[in-house]
Amino acid sequence: MLDHVLPPSGLPPWTDGGGYTGHLQMAARSLRHDPCAARTAREFTSTALRAWKLDPLIDDTGVVVSELVTNAVRHGIRGVVDTRRPQEVRIILCCTESSVLCAVTDPSDQGPSLREPDYEAESGRGLQVIQGISEMWGWAPLASRGKAVWAAFALPSKSARRLESCY
C-alpha cells in the first residue's frame, strides 16, 4: 500500500535517503461516498493514534487530517470525470519509531498550491494551517493516477508522553 503513497523515488518523506528498515505500523480507510468524510477521518485517526499510544498527537493530527480530507473532497474529486474508476478519497496513517505520516489520496493529478490567504474569505487557509501544525508536508503523484497529500509529525519523546499523561 505504501507504494501508492510515496513519492516516485519510493522513499518516505521522513527518511534521509537510506531507505527505512525499522518497525512500521499502518492504518488505512476509504472515505468513498462518506458525507461526513472529515469527521470520519478525524475519528479514524484518533482511534489509530490511541491504539499506538500516541494520544498527545490526536489534536494536531485531527486538525490536519480534517484539512487534508476537506481539500481532497473539495478539490481532488471535483472535475475528475473518469467514470471507469471510483472517485475515492483514502486516508493512510503510517507510524515509525520517530514519526507519524498522515496521507490522503484523491483521483486528481493536480497538486495543491500554498497561497497567501485572503483574510476576508471564509475558506482558503487549509494548507497554511497544515504547514503551521505539522513538522513538514508535501504531495506526490501516485503511480496509478491521482495524488497523495501528506503531513508528518514527530513523535513526542517517551518522557514527554509520560509527563503529559499526568495532567
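Visitor: Leaving aside its neighbours within four places in sequence, which residues is Asp106 in contact with?
Guide: Happy to start there, and please keep in mind that this is a predicted model. Asp106 is found in strand S3, which covers residues 99-106. Beyond the neighbours within four places in sequence, the contacts of Asp106 are with Ala72, Gly76, Glu88, Val89, Arg145, Gly146 and Lys147.

Visitor: Does Asp106 count as buried or exposed?
Guide: The cut-off for burial is a relative accessible area under 20%. Asp106 has 5% relative accessibility, so this residue counts as buried.

Visitor: With which side chain does the side chain of Asp106 make a polar contact?
Guide: One interaction of the Asp106 side chain goes to a backbone atom, the nitrogen of Ser108, at 2.9 Å. Another is a polar contact between side chains, at 2.8 Å. The partner in that second pair is Lys147.

Visitor: Where do the buried residues of helix H3 fall when seen down its axis?
Guide: Helix H3 spans residues 126-133, and its buried residues are Gly126, Leu127 and Ile130. Seen down the axis of H3, these residues fall within an arc of 95 degrees, so they line one face of the helix. In general, an α-helix has 3.6 residues a turn, so residues three or four places apart point the same way. For H3, then, the place asked for is one face of the helix.

Visitor: What covers the buried residues of H3?
Guide: The cover includes one helix and two strands. Among these elements are strand S4 (136-141), strand S5 (147-154) and helix H2 (58-76).

Visitor: How are H2 and H3 oriented to each other?
Guide: Two packed helices are described by the angle between their axes and the distance between the axes. For H2 and H3, the axes come within 9 Å and cross at roughly 150 degrees. The contact is made by Asp60, Val63, Val64, Glu67, Leu68 and Asn71 of H2 together with Gly126, Leu127, Val129, Ile130 and Ile133 of H3. Angles over 145 degrees count as roughly antiparallel, and H2 and H3 are therefore roughly antiparallel.

Visitor: In which handedness does H1 pass H2?
Guide: Helix H1 (residues 37-51) packs on H2 at an angle of about 145 degrees, with the axes 8 Å apart. Residues making the contact include Ala38, Ala41, Thr45 and Leu49 of H1 and Gly62, Val65, Val69 and Val73 of H2. While H2 passes H3 in a left-handed crossing, the crossing of H1 and H2 is right-handed.

Visitor: Which residues does Thr40 touch, not counting residues up to four places away in sequence?
Guide: Thr40 has its place in helix H1. At 12% relative accessibility, Thr40 counts as buried. Outside the excluded stretch, Thr40 touches Arg29, Leu31 and Asp34.

Visitor: What is the phi of Lys53?
Guide: Lys53 lies in the loop between H1 and H2 and is exposed, with a relative accessible area of 61%. Most residues other than glycine have a negative phi. Lys53 is not a glycine, yet its phi is positive, at about 60 degrees.

Visitor: To finish, what pattern does the chain follow along the sequence?
Guide: Of the 167 residues, 41% count as buried. Among contacts between residues at least 6 apart in sequence, 66% join residues at least 24 apart. The chain has four helices and five strands, and their order along the sequence is β-α-α-β-β-α-β-β-α.

Terms used:
Residues numbered from 1 in each chain as written. Predicted model: local features only at pLDDT ≥ 70, side-chain atom pairs only at ≥ 80, totals over all residues. Heavy atoms only, no water. Buried < 20%, exposed > 50% of the residue type's maximum accessible area, 1.4 Å probe, protein only. Polar contact = N/O pair within 3.5 Å; in protein donor to acceptor, adjacent residues only side chain to side chain. Contact = heavy atoms within 4.5 Å. Arc of directions from axis to C-beta. Axes fitted to C-alpha atoms, helices over the stretch in contact; angles between N-to-C directions. Parallel < 35°, antiparallel > 145°, perpendicular 65-115°, else oblique. Left-handed = near helix turned anticlockwise from the far one by under 90°.
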